[in-house]
Every structure is written in C-alpha cells, then in structure tokens.
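Take a look at the model below before reading on. Turn it slowly and follow each chain from end to end.

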Amino acid sequence: MPDGVAHHPALAHHFEDLDQQREAATLGMWVFLVTEVLFFGGLFATYLVYRSWYPEAFAEASHHLDIVLGTINTIVLITSSLTMALAVHAAQTNRRQLVFVFLVSTMALGATFLGIKGVEYFHKFEEQLIPGSNFEFEAQYFQHAQLFLSLYFVMTGLHALHMIIGLGIMTWMLAWTWNGTITDAYHSPIEISGLYWHFVDIVWIFLFPLLYLIGRH
Amino acid sequence: MSSRGVLLPAHHYLSDFGAASWLLTRDHKRVALMYLAAVTFFFFLGGAFAVLIRLELITPAGDLVSADTYNKLFTMHGVMMVFFFLIPAIPTVLGNFLIPIMIGAKDLAFPKLNLASLYIYVIGASCTTYAIITGGLDTGWTFYTPFSTASSTTAVIPAAVGIFITGFSSILTGLNFIVTIHRMRAPGMTWFRMPLFVWSHYATSLIMVLGTPVLAITLLMVAAERLFRFGLFDPALGGDPVLFQHLFWFYSHPAVYIMVLPAMGVISELVAAFCRKPVFGYTFVAFASLAIAVLGFLVWGHHMYVAGQSVYAALVFSFLSFMVAVPSAIKVFNWTATMYRGSISWDTPMLYAIGFIGLFTVGGLTGLFLAAVGLDVHVTDTYFIVAHFHYIMVGGTIMAYLGGLHYWWPKMSGRTYNELLARVSAAMVFFGFNLTFFPQFLLGYLGMPRRYHAYPDEFQVLNVLSSAGASLLGVGYLIPMVYLAWSLRYGKLVGSNPWGAVGLEWTISSPPPTENFAETPIVTWDAYEYATRVEGHVA
C-alpha cells in the first residue's frame, strides 16, 4: 500500500489490496464447495449402488415419501435461491435496505423448508418408517426399504444441517450489513455466502428426484 | 559454522513471549511451531504403542499382553501415526512455515482459518486419545465393517468422531494452501519459478480437499450404523461391507500420497541445496507431483484384490497401480541425475535425503510386487505388506520430515544444532530402520500374518532382529529431540543463509520477522539458480 493511501478497514494485513482479498475469499469458497461435493458424493455413491441392486424395493419405499410436501419444499428452496441472488445484487449495487429485505426473505424461506422437513420427519415417525427396531414395512421389501429410508434420513438430515448452518451465516451477514461492515467496496462476504446457499439448494435439486420421484411416470 | 559477528535480529516472530500472543496468533510461523509440538507429541505416543508391539513379538508365545490388548496396541499405533502424525506432519509444520515465505507472501491467505485448523486438529486428536482411556479401539486403523459396526465392543465412536473432526483440519489446511499458492505469489513468482516444495504441497492439497470429505462421510455412516442400526454396511440388514472398503480406500490410498508427496518436495529442496545444482528436469518433477495426485485416486482397488471384487476390476486396478510407478520413478531418477557431478556436501539434511531416496526406492519397488494381482494374493495380510508401507511411510515420510526439520531448523530457530550428534542419529535412524523392517519382508514372504500376537518358533530370529532394530530406531528418534531442544537456547547463532542456499526463505533473517518481508520481493529468477546465484557458505 503506497504512502498516503489509507487502508480500507476491511483489508487484512497480508493482502496487497481488496481485489486480491476478494479473489482469495471467492476461490476459497469454491474450493470448499468442491470438498462439499465429495462429502455428499460418498452418500450419492452409496445410494447409486443400492438403488441399482434393489430397484423395486427403492421404488416401493420412495412411494411412502410425501411428494406434495417434497414439491412444495423444492419450490420454497428455489425461491430462496432467487432472493439470495437478489441480496447479492443489492449488496453489489450498495442498497443496504434491499440487502436486508432479501436476506430476511431468504432466511424465512429456509426456515419454512426446515419446518416442512420436520413435519415430514414426524409423519415418518408416526408411520413407523424410522430405521431401527420399530421399523415396519411389507415383508418382501423390508430390508432394502430400510436401507432406502436410512439413506433418506442421512442425506436429507445432512442437507438440513447445511441449511441450519446457512441460516447461521445469514444471521451473521445481517449483523455485518447492520453495523456497516458491508459496503459497496467490501461485499464479498455476502457473495460467498450466496455461493454456499446456492450449493445447498443444488444438493436438494439432486436429492428430490433421487428420493421422491423413483418409478413415477 | 561460526557465530562470529552473527546477532539475533532485533525483531523476529519469536520476540514476543506472552501466552495470548501464541494462542491467538495469526502468524503462519507460530502456528507451524505449535503444530510441531502437537505432532511430536502424537509421534511419541504412537511410538510408545510400537515399543509394546515389538516387545511382545520378541518371543513366539503371546506372553506379554493378551490377544485383545495386542489388537488395541496395533490399532492405536496405526491410528495415531497415520491420522495424527504422518498426514499432518510435513504440511502443517514445514508447509505452514515455508509456503508463504517461499512464494514471497506475508502470510497464508486465511491466517485465522490456519489457527482454527490447529485447534480442530487438537480437539480431534484429543477425542481419539480419549477413546484409548474409554476402552481402546481394536478394529485396526481401517475400521473394517461389519466388525467395527456390529461386533467390536471398544470405543469405535469416539475414535471415529476424533478422526472425522481432524479431517476438517486437513481440509482447511489444503484449502488454505491452494488459495495461497493461486492468489498470494509475489510479483514475478510464476508457477514455474516456484520451488518444487510448493508444487508438491499444491498436489498434496488437492488430495486433501478431494479425498478427506469421502473418509469423513464414510466414518459418519459407520457411526450412524453403530448408533442407529442403519445397516448401510451390514450384510445382515441388506448392506454391503465391501462398499465400506471402496469408500474407505478411496480416501486412504490417496492419503498415502498426502504423506509422501510433501516428503518428495522436501527432498527436491535438499538435493538441490546440497549438490549446488538446479533440480534436473524441474518441469517433469513438478508435473510428476500432479500425476501422482491424479493417479492416486484411481488405484484404491489394489487394497481389495481378495475382498471379492471382480477379476476385471482387479486387472484394471493392477494396471493403474503400475502406472503410479512412472511419476514416482521420474522423481527418483531426476534426483539422482541432479546429484550426478554435483558438488555434494554431506551435512545432516543430505544424509536424510540420501536415506529417503534409497528407502523410498525399496518401498516403491515392493509396491510393484503388491500391484501384481498374483503375487499380492500370496502376501496379502502378511508382514510383507507391513514392511512395504513402513518403507514408504517411515523410510520415506519420516526421513524427509527429519531431513527438512534439520535443514530449516536454523531458519526457524535462528540457531544451529550439534552436527556430530545429528549425523550419528541420522545413521542410527537409517540402520535401525532397515534392521527393523527388512526382516519383515522376509517374514511376510515366509508367511507370517500381520496382526497376531503369537507366531510359530521358526520366525523368532527375524522377529528378534526386527525388535533390536526398533530399539536402535527409537533412540535415533529421541536424540534429535534432545539436541534440537538444547539448541533453542545454547545453539550457535546463524546468519540468514547458513547453507548458502537459494530460495526466498534464505534472503530474510533467521528467525524471520513476523511480516516475513519488509517489502514484497520482486522475483526475476528461477528456482535453484545455483550456477549464478550461489553466495557461498557463511562458514
């Protein structure tokens, strides 16, 4: 930094300028998302193996999922991606109030998704579809339907955990927007939070057909 | 080396002593030193289990410990050494310290994340250590199902959770290195001017970022299966235990390259510095690192030749495993070609480097034996395997780690150690290592299975040799602990460049200032320009 030019308050000591800092943060988030792809990838691989071995049992078990709630949730989540993208755009164009509005809407939609997911989990509990000693299913598919539901709970549970972490990040971003940390010169935190949120949505875009839409033509 | 006229710099990264200045530091060099303390602790903890194993195996009868205790001993030895020493050691200590300096940066891209990775490591490692107290772990470091999920009565969940947590530390370190190498290079530090140490850490980081999450999710499934009876890997519930092995080795084979690639980076630096020549075929050595990283992901099936995979899969995995030998051999031949007609000096780091090249070659060539399906079936689960991977992990990684530690110790501490003691212990490590593990090749070929606490009488001579070698090796590891610690206070001061080496780390004071460079350097030279840039030994 040449003499006489004041440091931007958000510029960390080891970067030359804010551009370098933003590029580093963005690349860091992308690398992290690659990690996440591999993290979910282990589960998708497991799903793929058992789905190809036990297609009938998986289709049968899939019909016990609530396609209406699943579809509503998909719409809710895609809409939250839209509001997130709008929040990023508002931050880039320095409209603080709009950032606020869109972040809060994203959080509201995310919370709605989690609420509906909770209702679905509760239904599964009532229908004794939780894997374990109380699991009930027609004898022919009992074992492999239990595998399907195990995968259902691990995959959607892990996805829900990512949503909850996302809500935490949004709260953080709201605070930073409130106290003026986020400015038109420094808005990369909102951008990379957006990257994370879109990633979590994309995971659901794969989970929904794989879990809910098997064997429906 | 003489300390005439050499003074400690007025300000350096060790100047400040407060506890908070260490625990809350964002300086990559301080984080590296704290990692050094942590991995050293786990190295000696893992070593203690090895001592007990070798003591038990002196006699054919299982008389020192019970079979169950023995299972726990080799499991905890493997878990401690693999997850808490070999995987983190070189990247988090030498990599953390050197990568920013070598590319002319003030710090890693994410200093707070770097400190966080240290704490995550400590928490994870403590969690797994806690498992020792609460019943130990007897699954082997591989956690094979259904034993780990259905049968074992030991503390599988705390151990797995600890490794899961430590995985995040590994991922964050890799992520930090990748971003740093992409975004923090000084002006003029182009990709092909970077030291090969940085290249090999880049390749290592790719594996950390791509492989570790798969192990994490696999261990999560094992824990879920143990807790909730999910049955994903339990044949009694419709699951498939071989699927666990696929997922486990998808990470754990590349993890071998997480251990050995940084070691190769160290060796490239040492060979160039002590032969005073540029590394022969720089570009090939750099790309060989990437090739190993990529091919490393395609060979996991060679751990499963006898696990019931199809013969066609085995043939493909066999072929791909042979392929990994090509970039590995490129490196070995290029180091040798670098030494050819070089002006070689036999300082301690070079002794370790020469040791590495020899032992890695033996480990690599026996790896080819194991890649061949027919031979592997014969020696699967025998001491041949044990000997092979110890030649790579101990003969490779630990030799390079010690060589690197001795080479950069004057930079890290500003002081030098007792050279005579260092050479003696390097020789002890080399001979002790060979005496420990070469007999195990023979034992394995003769049919002694691994993971048993008793064995037939005819194997005793070779086992006694192995245990004798292990005690020599253990002393060889303890001596550097003593003289390196001693040197911190009493060692002679060295200037900024005691070896007369090139590389940005030797242009700044020893120990370096907190900000590394007062002014960002502008790089106009290639790595290893020894012909034109040698400044000569200070001595």
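The paragraphs below go from the whole of one chain to a helix, then to a contact between chains, and last to a single residue.

This is a predicted model. Begin with chain B. Its secondary structure comes to 17 helices and zero strands. Along its principal axes, the C-alpha trace of chain B spans about 70 × 45 × 45 Å. Is that what a compact globule would give? The radius of gyration helps here. A compact globule of 539 residues would have a value near 24 Å, and chain B has 23 Å, so the two agree. Burial and contacts add to the picture. Of the 539 residues in chain B, 56% count as buried. Take the contacts in chain B between residues at least 6 apart in sequence: 86% of them join residues at least 24 apart.

Now pick out helix α11 of chain B, residues 311-339. Its 29 residues should span 42 Å, at 1.5 Å a residue. The end C-alpha atoms are 43 Å apart, which agrees. The helix does bend: α11(B) turns by about 25 degrees at Ser328(B). Ser328(B) is also one of the buried residues of α11(B), which include Phe317(B), Val324(B), Pro327(B), Lys331(B) and Trp335(B). What do the buried residues of α11(B) pack against? Their partners are α9 (241-275), α10 (282-296), α12 (348-371) and α13 (373-379), in chain B. Just after α11(B) comes Arg341(B), with a positive phi of about 60 degrees.

Next, turn to where the chains meet. Chain B puts 31 residues into the contact, and chain A puts in 26 residues. On the side of chain B that touches chain A, the elements giving two or more residues are α7 (156-183), α8 (196-228) and α9 of chain B. Of these, α8(B) gives the most, with 10 residues. By class, this side of chain B has 22 nonpolar, five polar and four charged residues.

Finish in chain A, at Thr181(A). Thr181(A) sits in the loop between α5 (142-178) and α6 (188-212) of chain A. Is Thr181(A) buried or exposed? Thr181(A) has 14 other C-beta atoms within 10 Å, so it counts as partly exposed. Leave aside its neighbours within four places in sequence, and Thr181(A) is in contact with Ala10(A) and Trp176(A). Compare Thr156(A): it is 25 residues from Thr181(A) in sequence and 34 Å away in space, C-alpha to C-alpha.

Definitions and conventions: Residues are numbered from 1 along each chain as its sequence is written. Chains are lettered from A and ligands numbered from 1 in the order in which they are written. This is a predicted model: local features need pLDDT of at least 70, side-chain atom pairs count only at pLDDT 80 or more; totals for chains, interfaces and linings use all residues. Helices (H or I, at least four residues) and strands (E, at least two) are DSSP runs, numbered from the N terminus. The expected span of a helix is 1.5 Å times one less than its number of residues. The bend at a residue is the angle between axes fitted to the seven residues ending there and the seven starting there. A residue is buried if 20 or more other C-beta atoms lie within 10 Å of its own, exposed if 12 or fewer, and partly exposed in between; C-beta atoms are placed from the backbone. Two residues are in contact if their C-beta atoms, placed from the backbone, lie within 7 Å. The radius of gyration is taken over C-alpha atoms; the globule rule is 2.2 Å times the number of residues to the power 0.38. Ala, Val, Leu, Ile, Met, Phe, Trp, Tyr, Cys and Pro count as nonpolar, Asp, Glu, Lys and Arg as charged, and the others, Gly among them, as polar.
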